[in-house]
Amino acid sequence: MSEYLSALMGLAGVAIGSLTSFITTWTTQRSQAREKHRDAETAKREKLFSDFIAEATRLYGDAISHQKDDVSDLVFCYALVAQMRLFSSRPVVDAAELVMDRIVETYLAPNRSLSQIKDMARSGALNFLLEFGEACRVELSAGRRSGGL
């Protein structure tokens, strides 16, 4: 009877060891997959925010020196805002919409001279992306701290 008990205990030890190894491997792979997904999501957001900043800056520069009633140049930037609505926080989307409002207002305003642009730069009026950048920074850093977005 003792040899059966010894064999049974040996089999139980092997089963427990195998189960522990399986669980450890599964947990590690799951954690790595989650981290990889989180990194991909962060990269996607960073690219979207970067594309919006580049396009908004181009449009704002154009708006300072051109008056327009045609909105075709704004379409791509509005599409970027729509993409942000899919997965960005409300403060980021609100800040992006404020940027778009500012660009439209600038297009509707009279053209600025170089002297006026210089004065705008000195007064900080050209810093129209500040709130958007801050909202993006907060969202991205919160996602990194919490381990997910």
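# Exercises on a predicted five-helix model

The protein exposes about 9900 Å², and carbon and sulfur atoms supply 61% of that area. The model is predicted.

**Exercise 1.** Describe the secondary structure of the protein and decide whether the chain is a compact globule or more spread out.

*Solution.*
- Step 1. The count is 5 helices and 0 strands.
- Step 2. In sequence order the pattern reads α-α-α-α-α.
- Step 3. For 149 residues the globule rule gives 15 Å, while the radius of gyration of the protein is 27 Å, well over that figure, so the protein is more spread out than a compact globule.
- Step 4. The extents of the C-alpha trace along its principal axes are about 100 × 30 × 20 Å.
- Step 5. Burial can be added to the description: 25% of the 149 residues count as buried.

**Exercise 2.** Check the span of α1 against the expected value, then list the buried residues of this helix.

*Solution.*
- Step 1. Helix α1 covers residues 2-65.
- Step 2. Its 64 residues, at 1.5 Å a residue, should span 94 Å.
- Step 3. The end C-alpha atoms of α1 are 94 Å apart, which agrees with the expected span.
- Step 4. The buried residues of α1 are Thr42, Arg45, Leu48, Phe49, Phe52, Glu55, Ala56, Leu59, Tyr60, Asp62, Ala63 and Ile64.

**Exercise 3.** Classify phenylalanine 22 as buried or exposed, and state which surface patch includes Phe22.

*Solution.*
- Step 1. Phenylalanine 22 lies in helix α1.
- Step 2. The cut-off for exposed is over 50% relative accessible area.
- Step 3. Phenylalanine 22 has 54% relative accessibility and therefore counts as exposed.
- Step 4. Together with Leu19, Ile23 and Trp26, Phe22 makes a nonpolar surface patch of about 450 Å².

**Exercise 4.** Classify alanine 135 as buried or exposed, and find which residues beyond its sequence neighbours are in contact with alanine 135.

*Solution.*
- Step 1. Alanine 135 belongs to helix α5, residues 130-146.
- Step 2. Buried means under 20% relative accessible area.
- Step 3. The relative accessible area of alanine 135 is 13%, so this residue is buried.
- Step 4. With neighbours within four places in sequence left aside, alanine 135 is in contact with Pro91, Val92 and Ala95.
- Step 5. Alanine 96 is 39 residues from alanine 135 in sequence, and their C-alpha atoms are 9.3 Å apart.

**Exercise 5.** Find what share of the contacts between residues at least 6 apart in sequence join residues at least 24 apart.

*Solution.*
- Step 1. Take the contacts in the protein between residues at least 6 apart in sequence.
- Step 2. Of these contacts, 78% join residues at least 24 apart.

Technical notes: Residues numbered from 1 in each chain as written. Predicted model: local features only at pLDDT ≥ 70, side-chain atom pairs only at ≥ 80, totals over all residues. Heavy atoms only, no water. Patch = residues over 30% accessible without salt bridge, like charges linked within 9 Å, V, L, I, M, F, W, Y side chains within 5 Å. Areas by Shrake-Rupley, 256 points an atom, 1.4 Å probe, with all protein chains shown as cover. Salt bridge = Lys/Arg side-chain N within 4 Å of Asp/Glu carboxyl O. Helix = DSSP H or I, 4+ residues; strand = E, 2+ residues; numbered from the N terminus. Buried < 20%, exposed > 50% of the residue type's maximum accessible area, 1.4 Å probe, protein only. Rg over C-alpha atoms; globule rule 2.2 N^0.38 Å. Contact = heavy atoms within 4.5 Å. Expected span 1.5 Å × (residues − 1).
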